[in-house]
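Trainee: Please give me a close look at one part of this structure, and then carry on from there into the rest of the chain. I would like each term explained where you use it.

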Amino acid sequence: MQDLATKFANLTIQSDFIFKKVMSRKRICKHLLEELLQIEIADIKYLEAEKTLEPEYTSRGIRLDIIVADDKNTHYNLEMQVKNNKNPDTDTYVLPKRSRYYQALLDIDLLQKGQPYDLLPPTFIIFICVFDFFELGSYVYTFKKRCLEDLELELPDEATTIILNTKGTHGNISEDIKSFYDYVNNHIVTTDFTKQIDDEISYLKLDTKVRREFMLMEARLLDERREGEAVGIAKGKEIGLVEGEAIGLAKEKLATAKRLFSMGLSVQDIAKATSLPIEQVEALQAEQT
């Protein structure tokens with residue numbers, strides 16, 4: 001428990017838990033969106049409040065998305081990305097397909113069964129990355145669908161994906177967004193906006209309910225990891241047992257084949273008796289002579 005208390009005390013805005021809590025403060029989330037998109041937003045509301053404002057514990061983990069809608073029914077999904085993860089099986093980075101999956105989930109949630117597609121509202125999937133995914137140094141990478149034959153022709157599906165690069169070096173961003181990047185990277189307070197964020201984190205860390213919530217979340221995640229490890233170990237033992245049995249059986253067949261050679265049986269007869277490939281029996285015969 002002491003380790004968890006220390007971990008909680010050292011949490012920063014890069015933590016999913018803290019990021020979600022901070023962005024659940026309307027004034028902060030609203031200002032971040034306004035500064036990022038250079039628009040005015042009269043108000044925002046949190047969708048599925050029980051999922052975005054309180055942790056949801058399931059067998060698949062905890063949902064930490066921030067999903068809000070503004071007064072014009074534009075929907076925003078905010079996500080903090082600390083690691084540029086790869087799929088070890090394919091050796092490909094997962095962020096692009098992750099953005100596609102998030103867009104699909106958001107659209108499914110927004111469109112009720114039987115409703116026409118044109119009721120889908122404008123959406124923004126926003127990843128705040130503490131790494132430069134494209135390694136071009138831009139502060140912001142904004143993606144919309146365009147025609148390859150005419151790049152001026154945009155598909156008006158009103159779906160936008162924005163990848164923020166807090167390690168960027170150039171581009172057109174506001175002073176508050178730049179200060180937000182500095183705060184995410186180095187915990188540096190340079191503007192009133194980042195002071196609001198820093199103050200909010202300080203308040204959160206003094207809240208005993210928030211502290212208990214974090215510890216409960218970590219304990220349940222630890223239980224899930226332990227269960228997964230136990231299943232993996234059991235599976236490994238099962239595979240090892242099967243492989244061990246197969247190796248033992250193969251050794252028995254070879255020993256039988258050697259005894260049959262000493263009895264003068266032919267290669268063909270020994271292969272039939274032991275179910276060994278005839279090539280393997282012939283190789284064994286060569287070793288015997």
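Mentor: His-187, with a relative accessibility of 43%, counts as partly exposed, where buried means under 20% relative accessible area, exposed means over 50%, and partly exposed is in between, using a 1.4 Å probe and protein chains only. This is a predicted model, in which local features need pLDDT of at least 70 and side-chain atom pairs count only at pLDDT 80 or more, while totals for chains, interfaces and linings use all residues. Residues are numbered from 1 along each chain as its sequence is written, and side-chain values use heavy atoms, with hydrogens and water left out.

His-187 is found in the loop between helix H6 (175-186) and helix H7 (192-206); helices (H or I, at least four residues) and strands (E, at least two) are DSSP runs, numbered from the N terminus. The backbone at His-187 has a positive phi of about 60°, although this residue is not a glycine. Most residues other than glycine have a negative phi. Gln-38 can be set beside it, since Gln-38 also has a positive phi, of about 55°, without being a glycine. Gln-38 lies in the loop between helix H3 (26-37) and strand E1 (44-46), and with a relative accessible area of 58% it is exposed.

From these loops we can turn to the interior. Buried residues make up 37% of the 289 residues in the chain, whose secondary structure comes to ten helices and ten strands. Of the contacts in the chain with a separation of 6 or more, 59% are between residues 24 or more positions apart, a contact being heavy atoms within 4.5 Å. The largest nonpolar core has 54 residues, and those with the most contacts inside it are Ile-13, Val-22, Met-23, Cys-29, Ile-126, Phe-180 and Ile-197. Such a core is a set of buried Ala, Val, Leu, Ile, Met, Phe, Trp, Tyr and Cys residues joined through side-chain atoms within 4.5 Å. Strand E8 (residues 123-129) gives the largest share of this core, six residues. A second, separate core of eight residues includes Ile-270, Ala-271, Leu-276 and Val-281.

Ile-13 shows how distant parts of the sequence meet: leaving aside its neighbours within four places in sequence, Ile-13 is in contact with residues including Ile-18, Val-22, Met-80, Tyr-183, Val-184 and Ile-197. Helix H2 (residues 16-23) is mostly covered, with seven of its eight residues buried, and among these are Lys-20 and Lys-21 as well as Phe-17, Ile-18 and Val-22. The N-terminal end of H2 is capped by Ser-15, a side-chain oxygen of which lies 3.2 Å from the backbone nitrogen of Phe-17.

Thr-160 belongs to strand E10 and counts as buried because its relative accessibility is 1%. Its side chain is joined to that of Lys-144 by a polar contact of 2.7 Å, meaning a pair of N or O atoms within 3.5 Å, where within protein one must be able to donate a hydrogen and the other to accept it, and where residues adjacent in sequence count only if both atoms are side-chain atoms. Thr-160 and Lys-144 both appear in the lining of the second largest pocket, along with residues including Pro-96, Arg-100, Phe-134 and Ile-163. That pocket holds about 360 Å³ of space, and the elements that give two or more residues to its lining are helix H5 (95-110) and strand E10 (159-165). On a 1 Å grid over the protein atoms alone, a pocket is an open set of points with protein on both sides within 12 Å along at least five of seven lines, a cavity is a set of points where a 1.4 Å probe fits but cannot get out, and lining residues have an atom within 4 Å of a point. Grid points are joined across faces, edges and corners, and a volume is the space filled by probe spheres set on the points. A search of the whole structure finds two cavities of 30 Å³ or more, and the largest has a volume of about 40 Å³, with Gln-81, Asn-84, Arg-98 and Phe-131 among its lining residues.
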